[in-house]
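Here is my note on the model you asked about. Have a look at the picture first, then read the points beside it.

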Amino acid sequence: MKNDANPSNPAPSSKPTLRITGIPAFQDNYLWLIDDGEHAVAVDPGDAQPVLDELNKRNLTLTSILVTHHHADHIGGIDALLKHYSVPVIGPADSRIPQLTQRVADGETYTLLGQTAQVIEVPGHTLHHIAYFINQPNAFGAPLLFCGDTLFAAGCGRVFEGTFTQMRQSLAKLRELPESTRIYCAHEYTQANLAFALAVEPQNKLLHQRIESVNELRAAGLPSIPSILADELGTNPFLRYDNDAVIAAAVRRTNTRLDAHNSEVKYDHDVIFAVIRQWKDIF
Ligand code: ZN
Ligand code: FE
C-alpha cells in the first residue's frame, strides 16, 4: 500500500487514509474516485476514459461502481469500465440502469474499501435518485455525501421527474446530516448558482463571503467542490425555504401571499421551494 507520509515503514495497524479525486469530464461534471492507494471505487462514471486514465496513472484497481441516478452523464462510462474490470455496480432500483448488480434502498448500507456507506433516497431530479453518506471520519477526516444532481454547491438539481414537494423533502433529509459533511456533487455549477442565490438574498453576508472565496478558487483553476454542509445551510436558497429572507423573496417574486392552510406553519415550505426552483429554471 502506498503511504505518502512514511513510504518505507507504514504502521501496520493504522487505517488506510482514503483519498477522493474529482475527475473532470464533459463540460462541468466531476466523476468521483475513492481510493485507498490500491483499490478504487468510481462514483457516477459518466465517461470511462478519464477514469481509466486516472486508474492507470496511479496504478489503482477498480473494485466497484456506485451510481446515484440514471442520467447518461452519470452512467455513460459503466459499460466500457466493465470491459476492463468485472466489478459490482451498485445503484437505485431503476430499470434505466441495466448494468446494476445490486440495488440499494433508503437506509441500506454498502461497504466500500472497508467503510460503510448509507443510502439515502432523494427523489426529485429523478424518481429513483439516491445519495451515499459515509460517516467514517477516521478514514476521511469528515463525513461525506455523494449526492449526484440533488444538492449542488449553492444550488440544487432541476426537478425533472419528481414533484417540488419530493425534492424539497429530499433536501430536508440532507439538511439533517452533520454540518461538517462534505458535499461531493456531480457538477461545477457553483458560480452560476451563487449568482442566483444573490438575486434571492442580496443582503446575505455569508453569501457575499462565499462568492468571494469561490471566485478566488475558480480564478486559480481550482474546483469549488466539495462544499461543506454548514456553508450550504447559510447560503443555499434551496435549503433555506424556511428562512425569512428567502420566504420574502418568494413572496415578492409571485406578488402574492403564500400562506399555508395549516395555521401552525406560517408559510408552506413546499410552495416557497417551488417558487424559488421555478425562478431558477428561467434565471
Ligand atoms: Zn442528472
Ligand atoms: Fe448530471
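The points below go from the whole chain to the metal site, then to the salt bridges and one helix.

1. Ground rules first. This is a predicted model, in which local features need pLDDT of at least 70 and side-chain atom pairs count only at pLDDT 80 or more, while totals for chains, interfaces and linings use all residues. Residues are numbered from 1 along each chain as its sequence is written, chains are lettered from A and ligands numbered from 1 in the order in which they are written, and side-chain values use heavy atoms, with hydrogens and water left out.

2. Overall build. The protein chain has 10 helices and 14 strands; these are DSSP runs numbered from the N terminus, with at least four residues (H or I) for a helix and at least two (E) for a strand. Its C-alpha atoms fill a box of roughly 65 × 40 × 35 Å along the principal axes. The radius of gyration is 20 Å, which agrees with the value near 19 Å for a compact globule of 283 residues. That value is taken over C-alpha atoms, and the globule rule is 2.2 Å times the number of residues to the power 0.38.

3. Inside and outside. Of the 283 residues, 52% are buried (buried means under 20% relative accessible area, exposed over 50%, partly exposed in between, with a 1.4 Å probe and protein chains only). The chain exposes about 13100 Å², and carbon and sulfur atoms supply 49% of that; the areas come from the Shrake-Rupley method with a 1.4 Å probe, and for residues only the protein chains shown count as cover. Now look at contacts (heavy atoms within 4.5 Å): among those between residues at least 6 apart in sequence, 60% join residues at least 24 apart.

4. The zinc ion. Which residues hold the zinc ion (ligand 1)? Its protein donors are His-69 (NE2), His-71 (ND1), His-125 (NE2) and Asp-149 (OD), lying 2.1 to 2.3 Å away. Donors are N, O and S atoms within 2.8 Å of the metal (3.2 Å for Na, K and Ca), and water is not among the atoms, so sites may look incomplete. Along the chain, the zinc donors follow the spacing H-x1-H-x53-H-x23-D. The pair His-125 and Asp-149 links distant parts of the chain: His-125 sits in the loop between strand 8 and strand 9, and Asp-149 in the loop between strand 10 and strand 11, 24 residues apart. Both His-125 and Asp-149 are buried.

5. The iron ion. Here the protein donors are Asp-73 (OD), His-74 (NE2), Asp-149 (OD) and His-187 (NE2), at 2.1 to 2.3 Å from the iron ion (ligand 2). Notice Asp-149 again: this residue bridges the iron ion and the zinc ion, which lie 3.3 Å apart. Another far-reaching pair is Asp-73 in helix 2 and His-187 in the loop between strand 13 and helix 6, 114 residues apart. His-187 is buried, with a relative accessible area of 4%.

6. Geometry of the two sites. The angles among the four donor atoms are 86 to 170° at the zinc ion, an irregular site. Around the iron ion they are 84 to 165°, which makes that arrangement irregular too. As for the rule, four donors count as tetrahedral if all angles lie between 85 and 135 degrees; four count as square planar and six as octahedral if opposite donors are over 155 degrees apart and all others between 65 and 115; anything else is irregular.

7. Salt bridges. How many turn up in the whole structure? The search finds 13, each a side-chain nitrogen of Lys or Arg within 4 Å of a carboxyl oxygen of Asp or Glu. In one of them, the closest N and O atoms of Arg-158 and Asp-281 are 3.6 Å apart. Arg-158 lies in the loop between strand 12 and helix 5 and Asp-281 in helix 10, so the pair ties together parts that are 123 residues apart in sequence. Arg-158 is partly exposed at 39% relative accessibility, and Asp-281 is partly exposed at 27%.

8. More bridges on helix 10. Asp-281 also pairs with Arg-277, with closest N and O atoms 2.7 Å apart. These two are four residues apart in helix 10, about one helical turn, and Arg-277 is buried at 3%. Arg-168 forms a salt bridge with Asp-270 at 2.8 Å between the closest N and O atoms, linking helix 5 to helix 10 across 102 residues.

9. Helix 1. Buried here are Pro-50, Val-51, Leu-52, Glu-54 and Leu-55. Their cover includes strands 1, 2, 3 and 4 and helix 3. After the helix comes Asn-59, with a positive phi near 60°.
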